[in-house]
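Got a minute to walk through a model together? Here it is, with a few questions to follow.

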Amino acid sequence: MLIVDSISSQQSTIKNSLTRVLLEVIVQTLADARAAAEGGADRLEVVRAIGDGGLTPPLSLVTAIASQIPLPLRVMVRENSGYEMDPLEVRALQRAAADFAGIGVDGLVAGFVKAGQLSLADLSLVLEAAPGVPVTFHRAFDALSDPLDAIDTLAGVPQVDSILTSGGEGTPMERCARLRTYSARAGMRLAIMAGAGVDEEAFALFAKAGCVRAIHLGRAARDGRNPEGPVSAASVRRLRDLAG
């Protein structure tokens, strides 16, 4: 009961805090984390291998960031660039989830899809290693054949408090309309966070239109918009100012 109450409390805190756009910045190093914090990020997503969509980072890195940066950390648990995993990867992800939970991270980032359908069994196997820890269901969501139905299903998973999605293909306006539909379907049950391909044009539109109240930054937060480059405090600050 205490675990459920804790999750509900954290979900309420996230949703109630989104009176301004929440900026989550992907980081791969301690220097990235420092720059993101200096620029005004609200939360960090810690990964390695950003070129593969982000994989599980070393515990040592997460521990170092947690000890020096006073921002909530969401940590990726993913062993390959796809959205399925084999039994060995399951065990690796369970160990990682337990380790990250043990140092008190704000949450995990995970997601599993097979043939266009949610793989709740795989998700449950990973989450049972970190009970009570909130989870962002990542861009595996964009591989689903029925995303609206999946929102309802994920809203029934107590640990899942947010969904990361690009809003699909198309112009920023088309993506914003889709994100608005997702946000309406999620209501107060889940936070919908825009991510992937969010350049300054899309960022400005999403923030102004209010189609989401959380935006996930990768390339746009980096020097020269290089996805493999270091986080730039100036770039994050510019986006923070743009969002208001």
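**Helix faces and odd backbone angles**

The model is predicted, and on helix H3 the face turned away from the buried side carries the exposed residues Ser60 and Ser67.

Q: Which residues of helix H3 (residues 59-68) are buried?
A: Buried here takes a relative accessible area under 20%. In H3, the residues that are buried are Leu61, Val62 and Ile65.

Q: Why do the buried residues of H3 sit on the same side?
A: An α-helix has 3.6 residues a turn, so residues three or four places apart point the same way. In H3, Leu61, Val62 and Ile65 are the buried ones. They end up on the same side of H3 because they cover an arc around the axis of only 95 degrees.

Q: Which helices and strands do the buried residues of H3 pack against?
A: The buried residues in question are Leu61, Val62 and Ile65. Their partners are strands E1 (22-27), E2 (43-46) and E3 (73-76), plus helices H2 (30-39) and H4 (87-102).

Q: Is Ala115 buried or exposed?
A: Ala115 lies in the loop between strand E5 (113-114) and strand E6 (117-118). The cut-off for exposed is over 50% relative accessible area. Ala115 has 76% relative accessibility, so it counts as exposed.

Q: What is the phi of Arg225?
A: Most residues other than glycine have a negative phi. Arg225, found in the loop between strand E10 (214-217) and helix H9 (233-243), is partly exposed at 29% relative accessible area. Though not a glycine, Arg225 has a positive phi, near 60 degrees.

Conventions: Residues numbered from 1 in each chain as written. Predicted model: local features only at pLDDT ≥ 70, side-chain atom pairs only at ≥ 80, totals over all residues. Heavy atoms only, no water. Helix = DSSP H or I, 4+ residues; strand = E, 2+ residues; numbered from the N terminus. Buried < 20%, exposed > 50% of the residue type's maximum accessible area, 1.4 Å probe, protein only. Arc of directions from axis to C-beta. Contact = heavy atoms within 4.5 Å.
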